[in-house]
Each structure stands twice: as C-alpha cells, then as structure tokens.
Amino acid sequence: MLHELIVTLSGFSGKLLHNIDTCIELKDFLHPGEITVLNKILTIAKNYKFLKDFSETNHALIFEKKKDVELQTLPGLYIQAFCEGLDEVLAPYRREIIKLEENVLIGPDVTLTYIFSRVDKYSLIFMLLTSLVKQIISRKIHGCQIIQLLYENILNAVDQAKECLECILKQCYIIFLEQTTNWLMNGFLVDPYGEFIIRKVISRDDSTEESDASIIMSNREGFFDESIINNGYEISINFVPFHINYSLVKNILFVGQIVQILKENPNNTAELDISKENLIFGNKEKYFFEKFVSLKNSISLNMEELENIIQNIRECVVQHLWKVAVEEENLYEELNLLKNFYLLGFGSFFKDFLLEASALSLNSHKKHFSRDLNDAVRGVACFYPHIDEKILSNFSFKVSSFKNKDALKTSTESIWSSIKLQYTAKWPLNLIFTPVAIEHYNKLFLFLLRIKRCQIEIHNVWKNDTKNKNIRCEKAWKLRNELMFLINNLQFYLQVDVIETEYCHLISEIQKIKDFQQIEKLHNIFLLNILSHSFLLDVPIDNMNNNVSAPLTYSEHFYYALLNNIKICEKFCILASQGNLENKSKEINKLDKTFQKYRSVVLCFLSEYQSQPFKQHLIKLLLRLNFNHWFNKDLAETE
C-alpha cells in the first residue's frame, strides 16, 4: 500500500486515489484515525495531480506535441509563464517524494503519519494554487489579467504561500518586460495571443464594450484626443493590472507609437534608416537594454525603477521628435503659414482673392467650382512674391457636397459655407496638425472669411455713398455706419486681441521647451482658446450659418446673436447694391429694428459675462463695441 501511495503522491492515478471511500480491504485493517490521515494525504496527492496535469497541458512544448489535446484555458505566453513558474514551485515537492520513496524502500517501519508529516507543509500551498488555477479556467483569465490575479493573492498570502506566488509572478513579469522592451525600444508589438496592455486595433467598426473602455478620452467632447498618435494602437483597459499606474501605461503606449513612427519615417531613405533609428536613443540604447535585463533578473518587479526607465526613454524620444519637427521640418514656418491662411493673416491677399472669387460664386458650375477657386488663388498669388508655388502646393480649396441640389444656383452663402481649405502637413508635423485640428481650423476659417467678405461689402457701400453725395438717405447711412462700426471692431478684436495675442503666446511657450508632446498640447490649447474667444467652441460646423431653435450654452447664444448681426449687414449690402435706397425705407426700417434688437442682445451678454472667470477677453470686445457707452445711451433712448 505504501508503494502505491508514493506513486499516487507522484501524480499518477491509482486505486487509492479513486476508490478510498469504497476500498473494503483498507477499512478492515486500518484504524479510523489512519483512514483520516490517509484521506488528507490523498487530498494533497489529488491537488498535486491537478496542478501537474494543468502545467503539462498548457506548457509551450505540449502545444506542439499534443495539438489534439483540448485546452481548458486560452493559449498564450502568460499562461505558459504561469506554468513554468508553477513547475518551479512544485519542484521541492517532487524532491520530497523522491526522498520518501527512498525511505520506504530502505526501512519497513515507515508509517502513514510519517508520510503525512513530510507532505503536510505543501497542503496549504496546493490548495491555494488549485484555487487560482480553477479561477483561471472558470473565468477565462488571460494575459496580463494573470498578473493581477497573482498580485491580489500575494497581498493576502502567508509567507510560504507568498514566496511561491512571487516565484510564479516573476515568470509572468519576464514576459511583460519582454513585450514592453520590444514595444518601447523597437516600436514592435510581440503579442500573438492578444494579452498585452497595448493592442492593435484591427477595425474601428467592430466596436465592443472593451473598445469603449479604451483610452480614447477627450478634453472636451468632440475636441482633441489625449494621444496625438492614431496609428491603430490603443490600451486594452481590461488587461491593465490595477497596481500598474494608468499614467505609466499611457506613457508606454505613447513612446512605442512614437518609436514606431520614427522608424517608419516616410522621409527616410533606405540607406539612412539604420542611422536614423540609432539617433532616437543616441548612445543610451545599450543602457536602456541593460536596465530592462536587470529588472528581469530581479526577485520582484520594481515599479518605481520601471517608471524611471520609461520616463527616460520618453524624454529621449520626444526630444528627438522635437528636433525633427522644429529644426528639420521648420515648425515655426508651418505654424505661421497656418495662421496666414486659415486665420487670414494674409489680409490683403484674401481681400483680393474674395474680390476675384465673388464673380465665381454665381457663374461657375458646381462641378468645377473647386478648380476655379484654386485657379483664382494662384492668380492672385502672382502679385504676392512671398506666396510661391511651394507654399500653395500645401493648400487647396474643396467644395463639399450640397444638401440642396439647387444650392449653387439659389444661394451664394451656401456656396461659401461649403468651402473647406485643405492642408497637407509634412511628417512629423501631421502628428500635431491632425485631421481634427484642421477641422477646427476650417471652422475658424469659414467664420473669419465671412466677416472679411462682409467688411469688404460694407466698405464698398460706403465708397459708393461718398461718390453719390446728391442722394441722401439718412436712415440708411446711419444703419450703414453702425453696421460698419460693428464689423470693423469685431474684425479687429478677432485678428488682434484673439489670434495675434494667442499666436505670440504659443510661439513664446514653444521656444521654452524641447518636448514634442508638450508642443502638441500647447497647440491644442492655442486652438481651444481661439475657438472659445471667437465663440465657436460649442457651435457645430454644420450649424455655423443657421440659427438653432434653442442654443444651450453661453457661446452658442452669443455666436448666433453675432451671426444675425452679420446677416443683417449682408442683407443691407445686397439692398444697397440694388440702388435707390430712398425708395426702400420700409426695408431699411425693418433691418434697423432687427439690428437694434440683436445688437442689444450682444451688449447685454458682454456686460453680463465680462466679470466672470475665464471671460476677461470679453472686456476688450465690449470696450471696442461700446466705446464711451455710446450704444448704451442709444439703447436707453430707444427704450
């Protein structure tokens, strides 16, 4: 019986393991106390056999030799590492059984109590490990989730069990560090079973709950993503162990994405690839690899040390990317071009362009309107030597599809509201000037272009009135002067108080840093401030030219009040272009009454919100629109 018991303790099935409760022969000559001891020994043997079978089934070599075996768990590198650690933990027990077998063969006086005293110390460990394995099987725990399961149990384990769990956890950490090293140093994700904290996104259309939980978080709904890179990788939130800082995981994602993009730089030639890669880390590449090897060989993973290594790698990467963006690709020049085109920094150029393009809006065919606009830009640029073909090659106009098929024939405004200015950013500046950022630039461009057109038209009306002094229409002249005053000051506020101020601040801040990610954040803040101070932040681009029934935010209320004033100015210019304003007193009175209404709304909003935090920019606009409280007096007289 003792020999069969040793075989059973070695993890092989036998009569004792399966039929102890019905084995009549044992009950005839064993004391009830001995049967109790035997049952405890067999429980240990049963747990060991369960762990041994699990380890053998899920071991890496078994995957190749026994492909017909049905696995109880999801295959992966971490489950293999768990089994390797488990095998290492079970090794002392196997040595103990070998010694027991030698004792049984040497002396016949070995008792069940003696055998139990030798294996009892493994009882608690085997129970804990069996419980962990059953959780892995039942809950389909996979990849880095195994690290979290082990860490949770280590926190509550006694010393002996804690050592065993740490031994298994170390094997899992080795896989984690190998994957992290490859991702950070090479930008290459070695994750054949989808277990790592970073994952490749195959398709955004196949969204799942896990995708929704991933880190695509924004500072403001529909505005800018936290990550500036969108090359198909994201954090697998379900695989992030709770004891690993989430900010550390975001750094891992960011650094790996940047390294991958740097090594796939489309500007590199095949001959320069190797040298460019080496420049990413300079002479620190060997140092970083040695640090990772040191972490793998340590007894437990030092999170503080890991954070320091990743932070040092991040600093090297962002400094290298900063050098490429600022020194090689001339970031300042590109920012200046964006300001001059999207934010109408080339004021005289766009004035001439609008005069040239005004004839196209009604005469050009919809199909060729984009082409004609781009031809008009090149034609006007001939008179501006500083705007050469190289600059124009990065910008082009595109007219989006019209909701109304007859929009091109019936509404000039619908044409201008459908224009988009496209921009082709060079690498790696396309990581800053993302499609989302360009969309917001276009929102500003449409708004500023409309005000510029309005300003040109109202000035043309004024010039015509000064030429025809014999025609007197005091009501129309008064309305014209008030509209011109509003448009001129609004234009000056946007160009000087908002755009130029924010742009100078942006350039000043960029010059203080050597961090590419900080440049991206500063640029986002720059755009955010301009949109906010221009009252466009909460206005969807599709509704920029249409009033809504119930504006929700302060910015929306103020924007639509300004929009109505701009529309009144446009209607007045159309009316003036038709001539004989003396005979259109009814229309003039109606426009004047509507203008007084919306002008008062604008002034009330400015007066109410100017003292609130983060609304100090309104003081400048109020000062320009209501200098010497002229409009307030006029408003009081009207009331």
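This passage walks through a predicted model of one protein chain, from its overall make-up to some individual residues.

Because the model is predicted, local features are reported only where pLDDT is at least 70 and side-chain atom pairs only at pLDDT 80 or more, while totals for chains, interfaces and linings use all residues. Residues are numbered from 1 along each chain as its sequence is written, and side-chain values use heavy atoms, with hydrogens and water left out.

The protein chain holds 29 helices and 4 strands; helices (H or I, at least four residues) and strands (E, at least two) are DSSP runs, numbered from the N terminus. Of its 639 residues, 50% count as buried. Here buried means under 20% relative accessible area, exposed over 50%, and partly exposed in between, with a 1.4 Å probe and protein chains only. Contacts (heavy atoms within 4.5 Å) often span the sequence: among those between residues at least 6 apart, 73% join residues at least 24 apart.

Confidence comes next. The average pLDDT of the protein chain (the predictor's confidence in each residue, from 0 to 100) is 80, and 78% of the residues score at least 70. Helix H11 (residues 209-212) has the lowest confidence, with a mean of 40, whereas H8 has the highest, at 93. Two stretches stay under 50: residues 204-226, with 47 contacts beyond four places in sequence, and residues 403-410, with 10 such contacts. Where pLDDT is low, the predicted coordinates should not be read in detail.

Helix H8 is a good place to look more carefully. This helix covers residues 123-138, 16 in number, and reaches 22 Å from its first C-alpha to its last, close to the expected 22 Å; the expected span is 1.5 Å times one less than the number of residues. Its buried residues are Ile125, Phe126, Leu129, Thr130, Leu132, Val133, Ile136 and Ile137. Viewed down the axis of H8, these buried residues fall within an arc of 165°, so they line one face of the helix; the arc is that of the directions from the helix axis to the C-beta atoms. On the face turned away from the buried side are the exposed residues Leu124 and Ser138. The cover over the buried residues of H8 includes helices H4 (32-58), H6 (77-106), H9 (145-156) and H10 (159-186). After H8 comes Lys140, with a positive phi near 50°.

Some residues elsewhere connect to this picture. Val158, in the loop between H9 and H10, is partly exposed at a relative accessible area of 48%. Val158 and Leu124 are 34 residues apart in sequence, yet their C-alpha atoms are 9.7 Å apart in space. Gln171 belongs to helix H10 and is buried, with a relative accessible area of 16%. Beyond its neighbours up to four places away in sequence, Gln171 touches Ala81, Glu84, Gly85 and Glu88.

Further along the chain, His459 sits in helix H23 (residues 435-467) and is partly exposed, at 29% relative accessible area. Leaving aside residues up to four places away, His459 touches Met484 and Asn488.

Aromatic rings also meet in this model: a search of the whole structure finds 31 aromatic pairs. Rings of Phe, Tyr and Trp (its six-membered ring) pair if their centres lie within 6.5 Å; planes under 30 degrees apart count as stacked, over 60 as edge-to-face and the rest as tilted. One of these pairs is the edge-to-face pair of Phe281 and Phe288, at 6.1 Å centre to centre with 75° between the planes; both residues are buried. Phe341 and Phe346 form another edge-to-face pair, at 5.5 Å and 80°, and each of them is buried. A charge sits over a ring if NZ of Lys or CZ of Arg is within 6 Å of the ring centre and within 35 degrees of the ring normal. The charged end of Lys52 lies over the ring of Phe12, 5.0 Å from its centre, and Lys134 lies over the face of Phe50, at 5.8 Å from the ring centre.

Finally, the backbone has some details to notice. Most residues other than glycine have a negative phi, and most peptide bonds are trans. The bond from Trp427 to Pro428, however, is cis, with omega near 0°, and Pro428 lies in the loop between strand S4 (419-423) and H23. Leu344 has a positive phi near 60° and is buried, at 5% relative accessible area. Phe535 has a positive phi of about 70° and is buried too, at 0%.
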